[in-house]
Amino acid sequence: MINLLNQSKEALINLLWNSDTKIKSLLLNSKKLADARNNLFDYLNNLERHYFNIFSDKKFNKIHIVERNNAKECIRVLKNVIRTENEKLTNYSALNKLYKIANKKQNALDSVSEGFLLEFISLFNGINGKSGITESTFILEGSDSEISRKRTIKLDKYAKYIHKKMSKFKSGLDIEIDKKRLNSKQRILKYFNANENDWNDYQWHLKKIVKDSKTLSDLVFLSNTEKEALEISTKCKIPFQITPYYLSLFDYTGKNNFDKAVRAMVIPSKKYCVNVYKNKLQNTDMDFMGEKSTSPIEGITRRYPHIVILKPFNSCPQICVYCQRNWEIKNIDNTIFSKNIMVNAIKWIKENKNISEVLVTGGDPLTLNNKNIGFVINELAKISHIERIRIGTRVLVTLPMRINDEFIEILKNNNVPGKRELCIITHFEHFSEINKEVIEVVSKIRKAGISIYNQQVFTYYNSFRYETSYLRKMLKLIGIDPYYTFNTKGKDETIDFRVPIARIEQERKEEARFLPGIVRTDEPVFNLPKLGKSHLRAWQDHEPIMVIGTGERVYRFFPWESKVTLVEDYLYKDLPIYNYLKRIQADGENPDDYKSIWYYF
Ligand code: SF4
C-alpha cells in the first residue's frame with residue numbers, strides 16, 4: 001500500500017491495466033465510447049454470472065467465497081459507474097476518461113488524479129477476486145475438540161491484536177496525564193487569580209471562557225500554525241471559545257498525539273477560517289443541513305414524525321469547530337434566552353399531538369442557568385403527549401461542574417418511569433476527554449435514574465485504527481451508552497475534519513465488530529440535509545455511483561422514508577480515499593493497516 005500511494009501516475013497506469021488486461025483491450029478495440037460501454041457491460045455481466053454459477057469454469061469456483069462476494073460488490077459498483085444515468089446525474093464520465101487513457105488521448109492522464117487511478121486498480125482487482133482483503137484462510141475441519149481449539153487460537157490472535165492496538169491509548173484516567181492536567185489547572189487558576197471554589201463553579205468558567213489568542217497563548221504553548229490560524233480567526237471575526245476546564249485537558253507543552261483531538265475540536269484551523277471567511281464574502285448560505293427549511297416555527301426543527309428539536313439557546317460554553325450549526329452558533333456574549341420564543345414553541349408542541357419526543361438542544365441548552373432550562377423542561381413535562389425529553393448537551397465534556405445538585409433535581413423530578421423518560425444525549429469525541437471529573441458527574445446523573453447516550457462525530461482526529469472503539473469501550477465502562485456515530489458533513493469549511501464514508505464502514509466492520517455487542521450499540525449514520533439520518537450499514541440507503549477525476553466518490557442516498565414514500569434522492573461527493581490515506585501516512589499511520597478501505601462502498 002505504501003508503495004502504491006507513492007507511485008507516479010505512469011506507474012499506476014501500468015498497474016491499472018495489469019489488474020485487468022481484458023478491460024484494457026476491450027477499451028482499445030471499441031471504436032466508440034458507446035461500444036466500450038456495451039462491451040464492458042457484457043464483460044461484467046458474464047463475469048458476475050460465472051461467480052454465482054456453481055457449474056461454471058473451475059477457475060471461478062476456486063476463488064474463495066469471501067473474494068467472490070467482494071467481486072460481486074465490485075462488479076455492482078463498476079456497473080453503476082459506467083451507467084449513462086449516473087453519468088448524467090454527476091455530469092461526469094469515468095468511463096470516458098478510462099477510454100481516453102487507454103487510447104492515449106492527449107491530456108487524458110493529466111485530467112485524473114492518483115486517487116482516481118487507485119479506485120479503478122482496486123475495482124479491477126476486486127472484480128477478478130484479487131482484492132487481497134484477507135491474508136489468511138481459516139478452515140474449520142476436524143473433530144469438535146480440534147475445531148474448538150483452532151477457533152480459540154484464532155480468537156486469541158484477534159484479541160491480542162486488538163489489545164496491542166488499544167494499549168497505546170491513554171484516557172484522562174492515566175496517572176501521568178492526570179498529574180499534568182492538575183498542573184495545568186493550577187496554572188490556569190493562578191493566571192485568573194482564582195481558587196478551587198471558582199473552579200467548581202460553572203458560572204466562573206462561563207465568565208472566564210477563553211476567546212482571544214493572547215489569553216490562549218499565555219496559558220498553553222501554541223505552534224506557529226495554530227497561532228497563524230488564530231490570527232486569521234480574529235481578523236475574520238470567527239468566534240472561538242474554550243472553557244478553562246477544557247483548556248486544562250490540553251498538553252501545556254504543545255500539541256501531541258494525546259491532545260491533538262482536544263485541540264482540533266476548539267482551535268479553528270487556517271483552512272477553516274479562510275473558507276468561512278470566503279463564504280461570508282460570497283454570502284454563501286452555510287446552513288448545510290437546511291435547518292431553515294425544516295423549522296415550522298422559530299426555535300423548532302422537525303425532520304421526523306414524532307420528534308422535534310427545540311433550541312432555547314444559540315451558544316455553547318465552547319464552540320466546536322466542526323459544528324453543523326456553526327452558522328448560527330454565536331459568541332456567548334451575543335446570545336440571549338428568549339422566553340417568548342420558547343413559550344410559543346412549547347405551545348406549538350402542545351398543540352401538535354403527533355409529537356411525543358423533544359430533543360432540547362441549541363447551542364448547548366445547559367449554558368442556561370437552572371431557572372431558564374428548568375422552565376423549558378418543566379413546561380415540556382406538563383404536556384401529556386410528550387413521552388421523552390432528551391437534553392442534548394456537551395457540558396459533560398466541556399464543563400462537568402455545570403451538572404450541579406439543583407439541575408439533578410430538575411432531571412429527577414421530570415423522569416417518571418412508565419410515563420415520561422428524561423435522558424441526556426452527550427457528545428464525547430475522544431477518550432482523552434474522559435477523566436475523574438467526568439466519572440463523578442456521570443455517576444450523579446445515573447444515580448438519579450437518568451440514562452446517558454453518546455453521539456460521536458467520526459472526524460479525522462478520532463479516525464485512526466481502534467481510536468473510536470477505545471472511546472466506546474471507555475464510555476460504556478463509565479456508564480454512557482454509545483448511540484450514534486455521525487459522518488462529518490460535506491461542508492467546505494470543515495474539510496480538515498472529513499473522513500471518507502468507506503473509513504466509517506471499515507471501522508464498523510473491522511474494529512467495532514470485535515467489541516462485545518453491548519459496547520458497540522451506536523449506529524453509523526449520514527445525516528442528509530433536510531431529510532434526516534440514513535443508516536450507513538444499509539445497502540438500500542446508499543450506493544456509490546461515480547468516481548470523479550479527483551478521486552472523489554459520488555454517492556446516491558435514499559432517505560430513511562424511501563421505503564414508504566417516493567422521496568427525492570440526495571447526491572454526495574465524498575473525500576477521496578487517497579487523500580485520507582496520504583494524510584494519515586504523513587501523521588505516522590501505516591496505510592497498509594487500512595488497505596481494505598477501497599472495498600467499502
Ligand atoms: S456543543 Fe454542540 S452545538 Fe455547541 S458548538 Fe459543539 S457541536 Fe455545536
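**Close-up views of a predicted model**

**View 1. Tyr466 and its loop.** Tyr466 is found in the loop that runs between β6 (451-458) and α24 (467-478). This is a predicted model, so please read each view here as a prediction. Tyr466 is worth a pause: its phi is near 70°, a positive value in a residue other than glycine. For background, most residues other than glycine have a negative phi.

**View 2. A cis peptide bond at Gly363.** Here we look at the loop between β3 and α20 (370-381), where Gly363 lies. The peptide bond leading from Gly362 to Gly363 is cis, and its omega is near 20°. As a general guide, most peptide bonds are trans. Keep Gly363 in mind, for this residue is also one of those around the ligand.

**View 3. The ligand and its surroundings.** Which residues are around the ligand? They are Cys316, Ile319, Cys320, Cys323, Gly363, Arg394 and His427. By kind, the residues of this shell divide into 4 nonpolar, 2 polar and 1 charged. As for its place in the protein, the ligand sits in the second largest pocket.

**View 4. An open sheet of 9 strands.** Following the strands across this open sheet gives the order β1-β2-β3-β4-β5-β6-β7-β8-β9, and their pairing is mixed. At the edges stand β1 (300-302) and β9 (532-535); each has a single partner strand, so one side of each is left without a neighbour in the sheet. On average, and with direction ignored, neighbouring strands of this sheet are turned by 30° against each other.

**View 5. The β1 edge and a helix packed on the sheet.** Moving in on one edge, we meet β1 and strand β2 (residues 307-313), which pair in the antiparallel sense over 3 bridges. Ile300 has Leu310 as its bridge partner in β2. Helix α19 (residues 339-351) packs on the sheet, where this helix touches β1, β2 and β3 (357-362). The direction of α19 makes about 170° with that of β2.

**View 6. An open sheet of 3 strands.** This open sheet has the strand order β10-β11-β12, and the pairing is antiparallel. Which strands are at the edges? They are β10 (542-547) and β12 (570-573), each of which pairs on one side only. Neighbouring strands of this sheet are turned by 25° against each other on average, direction ignored.

**View 7. Where β10 meets β11.** Strand β11 (residues 553-557) is joined to β10 by 5 bridges, and the two run antiparallel. To follow a bridge by eye, start at Pro544: its bridge partner in β11 is Tyr555.

Notes. Residues are numbered from 1 along each chain as its sequence is written. This is a predicted model: local features need pLDDT of at least 70, side-chain atom pairs count only at pLDDT 80 or more; totals for chains, interfaces and linings use all residues. Side-chain values use heavy atoms; hydrogens and water are left out. A residue is near a molecule or strand if one of its heavy atoms lies within 4 Å of it. On a 1 Å grid over the protein atoms alone, a cavity is a set of points where a 1.4 Å probe fits but cannot get out, and a pocket is an open set with protein on both sides within 12 Å along at least five of seven lines; lining residues have an atom within 4 Å of a point. A molecule sits in a cavity or pocket if more than half of its atoms lie within 2 Å of its grid points. Ala, Val, Leu, Ile, Met, Phe, Trp, Tyr, Cys and Pro count as nonpolar, Asp, Glu, Lys and Arg as charged, and the others, Gly among them, as polar. Two strands pair if DSSP finds at least two bridges between them. Helices (H or I, at least four residues) and strands (E, at least two) are DSSP runs, numbered from the N terminus. Axes are lines fitted to C-alpha atoms, for helices over the stretch in contact, and angles run from 0 to 180 degrees between N-to-C directions. Contact means heavy atoms within 4.5 Å.
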